[in-house]
Amino acid sequence: MMRSSMAERNLHWWFPLPAILFVAMLMVFPVLYTLYLSFTNWNLTSGAPMAFVGFRSYARVLSEPRFLHALGRTFAFTAAAVAIEGLLGVAAALILNRAFVGRSVAKLLLLLPLVATPVAVGIVFNLFYDPTIGLLNFVLQSVGLPPGLWVTHQRTVLASLVLVDVWQWTPMITLIVLAGLAGLPEEPVEAARIDGASEWQIIRWVTIPMVMPVILTALILRLIDALKTFDIIFAMTGGGPGYASETLNIMGFKYSFEYFRMGQSAVILVVLFVVVFTCSLGIMRLRAASET
Amino acid sequence: MKGRFWPNVLFYLVVGIMALVVLFPFLWMLSSSFKTQVDIIAWPPKILFEPTLRNYEKVFDEQDFLKYFVNSTIVGTAAVGMSLLLGLPAAYSIARFRQRKLAVFILLARLMPGISFLMPWYIVFSRLDLMDSYTALILSHMLIALPIVVWIMSTYFATIPQELEESAMVDGATRQYAFWKIILPLSGPGIITATTLSFIFSWNNFMFSQVLSMEKTRTLPIAVYNFLSYAEVDWGGVMAAAVAIMAPAIVLTMIFQKYVVKGLTMGAVKG
């Protein structure tokens, strides 16, 4: 019965080959090309020929206050969004982790923000935030608080955008942690209860430690996406007012497709790539560690 | 259950508040889409009003949203279909031959910032005269769909016992025949999960389409965004457009709820 054709023996490489070629063409080659462009001064609008300038584009962009602010803002936005989403998401999962009437409806509701088109979500929140006709200022004034300027003011714009991200993505953490909780063994909880531990003690010292790897993975998945947040910022503020909500992704987009300074935009993209790549490596390490 | 009454009331109160927070933006969007401009800018905001279909007429008659709807459907369907074609064999190979490095390589397309591919694509597609073409748009959306397909399906294939193909192969079938005739027919749930999720992500994509599509191939998210920028104060129209773009994804999610949950939580939770 030894009847194994060439095709079958090499299946492990020709089966994935089309996918590999596709990713190489559409991801690897473009990333290398971006890297190459970051060492040039290419500007699509100037008409001047592309020249190799070494690290001069890096020196130029990296010393620009606008870039440094965008970098800081990217981290600030990500840290705030992920921290709040983590706290609320885990708390919601712990609350919902029991049998109750309407549990399946609750789960469906959790899915809705996750599948809602981000651009449209941003627009709906702009209606809430509108300083003159928005519902939020109406609520604030009804309870005697001063109205806010939300996304129209430099000081409040980033926090207002974080709030939208929190609304949309907290359910992601809740769903992942709920799935993690469902897979936990029941014996440790039972044992702690028999030993007389309170509900809070059980959650704090038994449940949370057991589900911690899942929580961490959920947080890092969110972290990677939060670093790249584009749609809601672009649709709600376009990076404004001024540059007050400009993150690296938005700045890179503007340099590429509004100013057409390809060399400098490539520098921004390389930095964003390195930031996200470093965080992604973290995820792989963490997953590997939690699997052993 | 004596003494459980008040905790239960508290519990349902908390759950109710959570549900309201999640639902409220949808409800407000929906109700605003049936309001006239006068009712929308009314102060205090109106809860009760006389509904109008005028906003939807504007969106579908004057704005040609049907065309963008068709474009989004074409791009999403083609991108998901091609991604299944490339991704299913790759996922099978990753699952059966434990090709972890290959899995990571394809997954990078999901993790890396899309803009670092988009700028070079823009240059290349312009040179090839492929701007505003379905080809360019579908290729770019495949880079969204393929990692999702590979991720979900390699996890799914790993749960199918190896013995199934092996016994067929002992009987003389080739492995590729066993994949087609035995494994794929058993993979319905996984394929539904991968298809639904990658279609929704393609449907919602804004950045790639914003750069690569123009009048001919414009997709819905871009149409909604453009509607906002030149009809700045027409909130009713914008809300109707927002409803129109979200409705299909939400209906898909309701139909395939179980699969969507599985797809979104897969990978973070082992097994």
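1. The bend of a helix at a residue is the angle between two axes, one fitted to the seven residues that end there and the other to the seven that start there. In this predicted model, helix α3 of chain A has a bend of about 40° at Ala24(A). Its end C-alpha atoms lie 28 Å apart, and the 21 residues should span 30 Å at 1.5 Å a residue, so the two values agree.

2. Several residues of α3(A) are buried, namely Ala19(A), Phe22(A), Val23(A), Leu26(A), Met27(A), Pro30(A), Thr34(A) and Leu37(A). For reading that list, it helps to recall that an α-helix has 3.6 residues a turn, so residues three or four places apart point the same way.

3. α3(A), residues 17–37, also packs across the chain boundary against helix α4 of chain B, residues 65–96. The angle is about 120° and the axes are 7 Å apart. An angle of 65 to 115 degrees would count as roughly perpendicular and one over 145 as roughly antiparallel; α3(A) and α4(B) are therefore oblique to each other. On the chain A side, Pro18(A), Ala19(A) and Phe22(A) take part, and they meet Leu86(B), Gly87(B) and Ala90(B). By class, the residues of this contact are 5 nonpolar, 1 polar and no charged. Ala19(A) and Phe22(A) also appear among the buried residues of α3(A).

4. The contact between the two chains as a whole involves 73 residues of chain A and 74 of chain B. On the chain B side, helix α1 (residues 5–32) gives the largest share, 11 residues. That side consists of 61 nonpolar, 12 polar and 1 charged residues.

5. Within chain B, helix α10 (residues 188–204) packs on helix α14 (residues 257–265) at about 80°, with 9 Å between the axes. This angle makes α10(B) roughly perpendicular to α14(B). From α10(B) the contact takes Pro189(B), Ile192(B), Thr193(B), Ala194(B), Thr196(B) and Leu197(B); from α14(B) it takes Tyr259(B), Val260(B), Lys262(B) and Gly263(B). These residues divide into 6 nonpolar, 3 polar and 1 charged.

6. Helix α13 of chain A (residues 248–257) has 8 of its 10 residues buried, so it is largely enclosed by the rest of the structure. The buried ones are Leu248(A), Asn249(A), Ile250(A), Met251(A), Gly252(A), Phe253(A), Tyr255(A) and Ser256(A). The loop between α12 (231–236) and α13 of chain A holds Pro241(A). The peptide bond that joins Gly240(A) to Pro241(A) is cis, with omega near -5°.

7. Two backbone entries in chain B deserve a check. Asp129(B) is not a glycine, yet has a positive phi of about 60°; Asp132(B), also a residue other than glycine, has phi near 60°. Asp129(B) sits in the loop between α6 (115–127) and α7 (134–158) of chain B, and Asp132(B) is placed in the loop between α6 and α7. A residue counts as exposed with 12 or fewer other C-beta atoms within 10 Å and as buried with 20 or more. Asp129(B) has 9 and is therefore exposed, whereas Asp132(B) has 15 and is therefore partly exposed.

8. Leu216(A) belongs to helix α11 of chain A, residues 199–227. With 18 other C-beta atoms within 10 Å, Leu216(A) is partly exposed. Leu216(A) and Phe128(A) are separated by 88 residues in sequence and by 32 Å in space, C-alpha to C-alpha.

Key:
Residues are numbered from 1 along each chain as its sequence is written. Chains are lettered from A and ligands numbered from 1 in the order in which they are written. This is a predicted model: local features need pLDDT of at least 70, side-chain atom pairs count only at pLDDT 80 or more; totals for chains, interfaces and linings use all residues. Axes are lines fitted to C-alpha atoms, for helices over the stretch in contact, and angles run from 0 to 180 degrees between N-to-C directions. Helices (H or I, at least four residues) and strands (E, at least two) are DSSP runs, numbered from the N terminus. Angles under 35 degrees count as roughly parallel, over 145 as roughly antiparallel, 65 to 115 as roughly perpendicular and the rest as oblique. Two residues are in contact if their C-beta atoms, placed from the backbone, lie within 7 Å. Ala, Val, Leu, Ile, Met, Phe, Trp, Tyr, Cys and Pro count as nonpolar, Asp, Glu, Lys and Arg as charged, and the others, Gly among them, as polar. The expected span of a helix is 1.5 Å times one less than its number of residues.
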